[in-house]
Amino acid sequence: MKRIIVGISGASGLPLAIHLLEALKTNPEVETILTVSESAKQTLMLETSISFETLLSKVDHYEDVKNVGAAIASGTYPSAGMIIIPCSMKTAAGIANGYSDNLLLRCADVMIKEHRQLILAVRENPLSAIHLENLLKLSRFSNITIMPMMLTYYQKPTTIKEMEDHLIGKLLAQFELSYQPFKPWQPNC
């Protein structure tokens with residue numbers, strides 16, 4: 001059983017977070033633990049038509065972002081790693097500078113110190129020099145992967161869902177999890 005912590009911050013991209021949670025829910029080898037920033041709850045209302053309770057039904061466990069004493073805040077809590085999707089630049093800045101004032105940031109800090117996989121599905125456009133400096137700082141850690149939520153076209157998508165499937169497949173591949181709708185690059189050679 002792979003235990004994956006999912007953090008959702010307040011950047012735009014809540015539909016992708018939901019898509020990821022739904023993909024993880026279909027895998028019987030994965031147990032999910034979710035923590036959601038306060039601003040993400042607001043973004044959920046702005047970008048989707050689902051309730052917070054419906055979001056929680058897509059995970060195995062939920063931990064309130066204010067509960068910095070939760071089990072997932074400890075390095076002794078076993079997990080395969082963490083995905084933060086979307087990862088706001090505020091969250092990236094907090095992680096890059098060791099500022100852990102909530103459970104989401106504390107979990108990311110634990111992933112770094114325990115050398116566990118930490119995937120940051122960052123979302124901002126355009127990026128400022130400050131954003132880039134924080135992301136560069138984070139990219140120097142061997143266990144952190146920066147994965148901007150960028151669209152690709154080589155799979156010739158015809159729907160937004162197909163574009164999202166590609167990104168979700170790439171995120172899950174970081175944990176060596178397959179995702180059936182994902183179509184990897186296959187050059188015509």
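**View 1. Ser37, a buried loop residue in a predicted model.** Ser37 has a relative accessible area of 10%, so it counts as buried (under 20% relative accessible area; exposed is over 50%, partly exposed in between, with a 1.4 Å probe and protein chains only). This is a predicted model, where local features need pLDDT of at least 70 and side-chain atom pairs count only at pLDDT 80 or more, while totals for chains, interfaces and linings use all residues. Residues are numbered from 1 along each chain as its sequence is written, and side-chain values use heavy atoms, with hydrogens and water left out. Ser37 sits in the loop between β2 (30–36) and α2 (38–47); helices (H or I, at least four residues) and strands (E, at least two) are DSSP runs, numbered from the N terminus. Not counting residues up to four places away in sequence, Ser37 touches Ile8, Ser9, Gly10, Val65 and Leu104 (contact means heavy atoms within 4.5 Å). A polar atom of the Ser37 side chain lies 3.4 Å from the backbone nitrogen of Gly10.

**View 2. Gly13, in the loop between β1 and α1 (14–25).** Gly13 is another buried one, with a relative accessible area of 11%. Leave aside its neighbours within four places in sequence, and Gly13 is in contact with Glu47, Pro86 and Met149. Gly13 and Ser37 are 24 residues apart along the chain, and 13 Å separates their C-alpha atoms.

**View 3. Strand β2 and its partners.** What's left uncovered here? Not much: β2 is mostly covered, with 7 of its 7 residues buried. Val30, Thr32, Leu34 and Val36 lie on one side, and Glu31, Ile33 and Thr35 on the other. In a regular strand the side chains alternate between the two faces of the sheet. β2 pairs with β1 in the parallel sense over 7 bridges (two strands pair if DSSP finds at least two bridges between them), and Val6 stands opposite Leu34. β2 also pairs in the parallel sense with strand β3 (residues 61–62), over 2 bridges, where Ile33 stands opposite His61.

**View 4. Strand β4 (residues 81–87), between β1 and β5 as pairing partners.** Here too, 7 of 7 residues are buried. Gly81, Ile83, Ile85 and Cys87 point one way, while Met82, Ile84 and Pro86 point the other way. Strand β1 (residues 2–8) pairs with β4 in the parallel sense over 4 bridges, and β5 does so over 5 bridges. Keep an eye on Ile84: it is the bridge partner of Gly7 and stands opposite Leu120 in β5.

**View 5. Cys87 and Cys107, without a disulfide.** A search of the whole structure turns up 0 disulfides (a disulfide is a pair of cysteine sulfur atoms within 2.5 Å). Why no bond for Cys87? The closest cysteine sulfur, in Cys107, is 13 Å from its own, which is too far for a bond. Cys87 is buried at a relative accessible area of 0%, and Cys107 counts as buried at 0% as well.

**View 6. Helix α6 (residues 129–139) and its two sides.** His131, Asn134, Leu135 and Leu138 are buried. They cover an arc of only 95 degrees around the axis, which puts them on the same side of α6 (the arc is that of the directions from the helix axis to the C-beta atoms). Ala129 and Glu133, on the other side, are exposed. The cover over the buried residues includes α4 (89–96), β5 (117–122) and β6 (144–146).

Notes: A polar contact is a pair of N or O atoms within 3.5 Å; within protein, one must be able to donate a hydrogen and the other to accept it, and residues adjacent in sequence count only if both atoms are side-chain atoms.
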